[in-house]
Amino acid sequence: MEHLSFEFDGGVHAPKSGKAYAVAGVVASSNLEVLAQPQELGGRVRFEVDTTAAHFQDAWRAVITDFIERRQPRDVLFSINDFAAIPPVVSLRLDQAWEGLE
Amino acid sequence: MSSPDKVARRTEKLARVAKAFGPGKVIPAARTVEFLELILSPGDRLVHEGDNQKQGDFLAEKLAQMDPKKVHGLKLALSCIGLPEHLDLFENGIAEVVDFAYAGPQGGRLAELVGNGTVKIGAVHTYVELIARYFAELRPDVACLVAVDADAEGNLYTGSNTEETPALAEAAAFGGGIVVVQANTLTDNLRRIDIPGEWVDFVIESPKPFHLEPLFTKDPALIDETRILMAMMTMKAIYQKYLPKVLNHGVGFNTAAIELLLPTYGEELGLKGKACTHWALNPHPTMIPAIESGFVEAIACIGGEVGMEDYVASKPDIFPLGHDGSLRSNRFYGQMAGHYADMFVGATLQIDPFGNSSTVTADRLAGFGGAPNFGAENRSRRHLSEAYLRAGAEAHQGEFMPQGRKLVVQMVETFQSANTPTFVERLEAWEAMKTAGFAIPPVMIYGDDVSHVVTEEGVANLLLCRTIEEREQAVRGVAGFTPVGLKRDRTMVANLRDRGIIQRAEDLGIRKSDVSRDRLAARSIHDLVRWSGGLYNPPSRFRNW
């Protein structure tokens, strides 16, 4: 198990739905669960990742940076439980969780 | 000593058999090895029937038991190196060269035996290419074929999985060769005659029925949301845009997802009756919901599929049925139907930045089967269709001579597994070229034949690329988080996206939260059985209820 934390400058979209949280995916082999919650972060976005696959920090950074660039979220905390999902699956789950909140 | 004259050699062999076995075409199974040693001379070209589905397993076993002192130096030719015995022939010193199209499960061992010099490869072919050569320079001396039923005159019923049998029998029977058939049953009452007895020299009743692999059965339970996302993007960006009426799907889960989305998402996109009406395809169980929903007018079958017999028999308008009510497939004709179709959608193991793809890797000589015929721009097509003209207008925009274009879609996940990216800077086919001693790398589909590449990241339309640099960036621009994808020129990719050459899900109006297994018309094999009204009878390994 490895824990990773990332914080980045967010984009232009704050969550608008008024929902307290949104969840996408499940913790199962090659899959992951993403919990997205609105949080006052002064325009930034935060990611707390628990993953069974260690040593993939660069891959996480690449997937998260791409997600922020595409979807432009701000003031959201993403809590992630990962069971060795490949990058495109992580991307899909981040998008799905964000769409539940935006 | 055998005569150099082919017909004289045939006559000589037949006389030898008559002397040892007496008159008649029926050879007792117990004396098969002795019989094979009489009809095969050193250096003969032996065609053995076996493909990705039906296996001539009994004759393969007996061929491998021949005495290499009597029979050696054989040139083996076969659609699929599918059985361990095919390679035993080389280890036993009976065969020395192989011409084939596909090696599937034996691909790993084949690579090893080629590497250590035990097996020499004549060439890797496509199915129709190999069959065509049986009529030209690879004429068989002996063809060992497979039938369901045979009678004492040599008439054959080859059933749902007729596949190659007619072509192989014809090449041998009209080419001075000897035709030998293993049949599951010897009977006086054939339900229909697929091959006339005068083409057949000998029949052997095999002790057990030939093995038939359910290759085209894909369990809907294994279709995950990334595949559904890719399927939805493909249907919106390609099926809805070009409206291909005649098409072929590969064997993978990505196209199975499309098949299961036709009755739901396809209906929403207005595809019914406008696209996907005619297919070159095995009877895929995942096509049942689309057939039941009225999407399909006809399917040209390349082979059969285990468990689909009763369902197929209930659809005489859609499937090619004999007067006896059972399917008649034909690989050569089915491949040709796919070759002249509007669209091919398939997958591969590796793609390079120029769109070249191969299923051959350094340690697996898998071969290509039918993919290069289905998945190649067809320079010999002359009939027109809406899809062909729409694709041609994009590919040949601004040129003096207007032309059509086949749609060749490569639908791949960016990763095969966590550490195995599909997109690679250099295909392992280059390594395989060295190992096998080929003059050029064994490429399955060349980049300039590909019209679209689809991944989880989006759709790249290569028809609209005007330079090789644009094509490279279009491929990198959908290669996701693979090293090839990360090396993209971000400015060029943004430009390609502005021009609609690269389309992301959001450009196509597809929300990721709409990507759900709930959209699949069937979510399990059991659902497929229900759609079929109980007529689909899946093999036991797919029954989990």
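Across which strands of chain A does α2(A) lie, and at about what angle to β3(A) does α2(A) run? In this predicted model, α2(A) lies across β2, β3 (31-38) and β5 of chain A. The angle between α2(A) and β3(A) is about 30 degrees. A second helix, α1(A), is placed across β1 and β4 of chain A, and its direction makes an angle of about 35 degrees with β1(A).

The strands beneath these descriptions belong to an open sheet of five strands in chain A, ordered β1-β4-β5-β3-β2 and mixed in its pairing. The edges are occupied by β1 (2-9) and β2 (22-24) of chain A; each has a single partner strand, so one side of each is left without a neighbour in the sheet. From one strand to the next, the twist averages 15 degrees. Strands of a sheet pair through backbone hydrogen bonds, in either a parallel or an antiparallel sense. Within the sheet of chain A, the parallel sense is found between β4 (residues 44-51) and β5 (residues 76-83), which are joined over seven bridges. One position in this pairing is T51(A), whose bridge partner in β5(A) is D82(A).

The two chains meet through 13 residues of chain A and 15 residues of chain B. On the chain A side, the elements that give two or more residues are α1 (57-71) and α2 (87-101). The greatest contribution to this side comes from α2(A), with eight residues. By character, the residues on the chain A side comprise nine nonpolar, two polar and two charged. The helix α2(A) thus has two roles in this description: α2(A) lies across strands of chain A, and α2(A) gives the most to the side that touches chain B.

Chain B contains 19 helices and 20 strands. Its radius of gyration is 24 Å, close to the 24 Å that the globule rule gives for 545 residues, so chain B is as compact as a globular protein of that length. Along the principal axes, the C-alpha atoms of chain B fill a box of roughly 80 × 50 × 50 Å. Of its 545 residues, 56% count as buried. When contacts in chain B are restricted to residues at least 6 apart in sequence, 73% of them join residues at least 24 apart.

Two elements of chain B illustrate burial in detail. In the helix α3 (residues 57-64) of chain B, six of the eight residues are buried, so this helix is largely enclosed by the rest of the structure. The buried positions are F58(B), L59(B), A60(B), K62(B), L63(B) and A64(B). Their cover includes the helices α2 (32-39) and α4 (84-91) of chain B, together with the strands β1 (45-48), β5 (142-150) and β7 (178-186) of chain B.

The strand β12 (residues 343-346) of chain B is covered on both faces. On one side M343(B) and V345(B) are buried, and on the other F344(B) and G346(B) are buried. In a regular strand the side chains alternate between the two faces of the sheet. Strand β12(B) pairs in the parallel sense with β9 (residues 246-249) of chain B over three bridges, and with β15 (residues 407-411) of chain B, also in the parallel sense, over four bridges. The residue M343(B) takes part in both pairings: L247(B) stands opposite M343(B), and M343(B) stands opposite L407(B) in β15(B).

How values were computed: Residues are numbered from 1 along each chain as its sequence is written. Chains are lettered from A and ligands numbered from 1 in the order in which they are written. This is a predicted model: local features need pLDDT of at least 70, side-chain atom pairs count only at pLDDT 80 or more; totals for chains, interfaces and linings use all residues. Two residues are in contact if their C-beta atoms, placed from the backbone, lie within 7 Å. Ala, Val, Leu, Ile, Met, Phe, Trp, Tyr, Cys and Pro count as nonpolar, Asp, Glu, Lys and Arg as charged, and the others, Gly among them, as polar. Two strands pair if DSSP finds at least two bridges between them. Axes are lines fitted to C-alpha atoms, for helices over the stretch in contact, and angles run from 0 to 180 degrees between N-to-C directions. A residue is buried if 20 or more other C-beta atoms lie within 10 Å of its own, exposed if 12 or fewer, and partly exposed in between; C-beta atoms are placed from the backbone. The radius of gyration is taken over C-alpha atoms; the globule rule is 2.2 Å times the number of residues to the power 0.38.
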